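Here are some notes for your read-through. They cover one helix pair, one side chain and two pockets.

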Amino acid sequence: SWRCDINKKRRENDKYHRILEAAIKVFAQNGFFQSTIAQIAKEAGVADGTIYLYFKNKDDILVQFFNFKTKQVFGRFREEVDKAEDAIEKLRNLIRRHLEEFQADRNMAILYQSETHQRTRMVEDQIREMSDMYLDIVSEIVERGQAQGRIRKDLYLSLVKRFILGAVDEVINTWLHSDGEYDLVSMTDPLVSLFIHGIGSTETRQ
């Protein structure tokens, strides 16, 4: 009996994730407001009514997607950052993993970028939470780098965090607008180099 319950839960869990993935594909292709429950059900290969067994409505799907992805993606970010001791390598690992995750799931990238740039956001709390978690990881890395003597101490930390997040965000946006014509992950080293060395030549430094 308990084995039947486990199998049932697993099947239900599979269906939940199938609906979630289908919804993200539909939202990415049509835009959130133009998408319908019927389109999501068709993409997931389930009846319209089945969706309401797992989600209250279309808004709920979006909120649950962001909750699920936040935990999943940030778990992977943390794993990569923890692999390195050196602060610069931690930063490189974070940026590389960020670009890998978004390149591997283009629909997620489209949805995330469109939601973070909307004036009225359905998932305001989730976006803020994701942004805060990311900025916390960056703060940790910068503070560690300062302690290791690898990163300047005379920095305005709040500006550094936005500089890094903003640059990565813009690189992902540019890649999406190019229809993924190049390898997004190849931007890792140029980005890290820019973060660490800036744009001034050694001759201009006082």
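1. A definition first, for the pocket points below. A pocket is an open set of grid points with protein on both sides within 12 Å along at least five of seven lines, and its lining residues have an atom within 4 Å of a point. Keep in mind that this is a predicted model.

2. Largest pocket, source of the lining. The largest share of its lining comes from α9, with four residues. Helix α9 spans 188–197, and α8 and α9 are the elements that give two or more residues to this lining.

3. Largest pocket, space and centre. The space in it comes to about 370 Å³. It has 15 lining residues, and Arg152, Leu155, Phe195, Ile196 and His197 are the closest to its centre. By class, the lining holds ten nonpolar, two polar and three charged residues.

4. Second largest pocket, space and centre. About 210 Å³ of space lies here. The lining has 14 residues. Nearest the centre are Tyr112, Thr116, Ser131, Leu165 and Asp169.

5. Second largest pocket, source of the lining. Three elements give two or more residues each: α6 (106–116), α7 and α8. Helix α8 provides the largest share, five residues. The class split is five nonpolar, six polar and three charged.

6. Asn173. This residue sits in helix α8, residues 157–177. Is Asn173 buried or exposed? Its relative accessible area is 13%. The cut-off for buried is under 20%, so Asn173 counts as buried. Leaving aside residues up to four places away in sequence, Asn173 touches Gln113 and His117.

7. Helices α4 and α7, geometry. Helix α4 covers residues 58–82 and helix α7 covers residues 124–147. They pack at an angle of about 10°, and their axes are 10 Å apart. Angles under 35 degrees count as roughly parallel, so α4 is roughly parallel to α7.

8. Helices α4 and α7, contact residues. From α4 come Val63, Phe66, Asn67, Thr70, Phe74, Phe77, Arg78 and Val81. From α7 come Gln126, Ile127, Met130, Met133, Tyr134, Ile137, Glu140 and Ile141. The contact has eleven nonpolar, three polar and two charged residues.

9. For cross-checking. Helix α8 recurs in these points: it holds Asn173, gives two or more residues to the lining of the largest pocket, and supplies five residues to the lining of the second largest pocket. Helix α7 also appears twice, packing with α4 and lining the second largest pocket.

Conventions. Residues are numbered from 1 along each chain as its sequence is written. This is a predicted model: local features need pLDDT of at least 70, side-chain atom pairs count only at pLDDT 80 or more; totals for chains, interfaces and linings use all residues. Side-chain values use heavy atoms; hydrogens and water are left out. Axes are lines fitted to C-alpha atoms, for helices over the stretch in contact, and angles run from 0 to 180 degrees between N-to-C directions. Angles under 35 degrees count as roughly parallel, over 145 as roughly antiparallel, 65 to 115 as roughly perpendicular and the rest as oblique. Contact means heavy atoms within 4.5 Å. Ala, Val, Leu, Ile, Met, Phe, Trp, Tyr, Cys and Pro count as nonpolar, Asp, Glu, Lys and Arg as charged, and the others, Gly among them, as polar. Buried means under 20% relative accessible area, exposed over 50%, partly exposed in between (1.4 Å probe, protein chains only). On a 1 Å grid over the protein atoms alone, a cavity is a set of points where a 1.4 Å probe fits but cannot get out, and a pocket is an open set with protein on both sides within 12 Å along at least five of seven lines; lining residues have an atom within 4 Å of a point. Grid points are joined across faces, edges and corners, and a volume is the space filled by probe spheres set on the points.
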